[in-house]
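Trainee: I'm new to this one and would like to slow down on a single part. Could you pick one helix and walk me through it and its surroundings?

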Amino acid sequence: MSDFTEAHTPSAHGYYAIEAVAEITGTPRHLIAVYCRHGMIATIGHPEEEGWTFDDNAILRLRHIEQLRAQYGVNLAGLRAMTAMMNELEELRREIRFLRGR
């Protein structure tokens, strides 16, 4: 299993089709879709209109989620809770950076 912080070569155009994300992260496509439907990772745009495409942040987030699931046995409800906390932490970090920049 790969470390979630493992670097990958970014796409030249900055986005990846779901097939590429599955290959890069070793995560089955159906599981990527489940994570999207539960709001744990986000596509770029609307999947129905533009297809299932992702950016580098989604790949990093997906690796982290998969590490939690595989190494620690975290279930879907736990992953959702942890993802919500990670989102909140990132928002607080953005606020701190903003306030320090004043």
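Mentor: Let's take helix H4, residues 56–72, bearing in mind that this is a predicted model. H4 has 17 residues, and from its first C-alpha to its last it reaches 24 Å, close to the 24 Å expected at 1.5 Å a residue.

Now look at the start of the helix. Asp55 sits in the loop between E2 and H4, and its side chain is busy there. One of its side-chain oxygens comes to within 3.2 Å of the backbone nitrogen of Asn57, and the Asp55 side chain also reaches the backbone nitrogen of Ala58, at 2.9 Å. Is Asp55 buried, partly exposed or exposed? Its relative accessible area is 25%, and since buried means under 20% and exposed over 50%, Asp55 counts as partly exposed. Setting aside residues up to four places away in sequence, Asp55 touches Gly14, Tyr16 and Ile44. Ala42 is 13 residues from Asp55 in sequence, and their C-alpha atoms are 8.8 Å apart in space.

Go along the helix next. The buried residues of H4 are Ala58, Ile59, Leu62, Arg63, His64, Ile65, Glu66, Gln67 and Leu68. As you read that list, keep in mind that an α-helix has 3.6 residues a turn, so residues three or four places apart point the same way. And what covers the buried residues of H4? The cover includes strand E1 (16–17), H1, H2, strand E2 (53–54) and helix H5 (76–100).

For a closer view of one contact region, find Thr27, in the loop between helix H1 (18–25) and helix H2 (29–37). Thr27 is in contact with Leu62 and Glu66, and also with Ala22, Ile32 and Tyr35, once its neighbours within four places in sequence are left aside. Thr27 is itself buried, because its relative accessible area is 2%, and its side chain makes a polar contact of 3.1 Å with the side chain of Thr25.

At the far end, just after H4, Gly73 takes a positive phi of about 70°.

To place the helix in the whole protein, count five helices and two strands, which follow the pattern β-α-α-α-β-α-α along the sequence. Of the 102 residues of the protein, 30% count as buried. Among contacts between residues at least 6 apart in sequence, 60% join residues at least 24 apart.

Key. Residues are numbered from 1 along each chain as its sequence is written. This is a predicted model: local features need pLDDT of at least 70, side-chain atom pairs count only at pLDDT 80 or more; totals for chains, interfaces and linings use all residues. Side-chain values use heavy atoms; hydrogens and water are left out. Helices (H or I, at least four residues) and strands (E, at least two) are DSSP runs, numbered from the N terminus. Buried means under 20% relative accessible area, exposed over 50%, partly exposed in between (1.4 Å probe, protein chains only). A polar contact is a pair of N or O atoms within 3.5 Å; within protein, one must be able to donate a hydrogen and the other to accept it, and residues adjacent in sequence count only if both atoms are side-chain atoms. Contact means heavy atoms within 4.5 Å. The expected span of a helix is 1.5 Å times one less than its number of residues.
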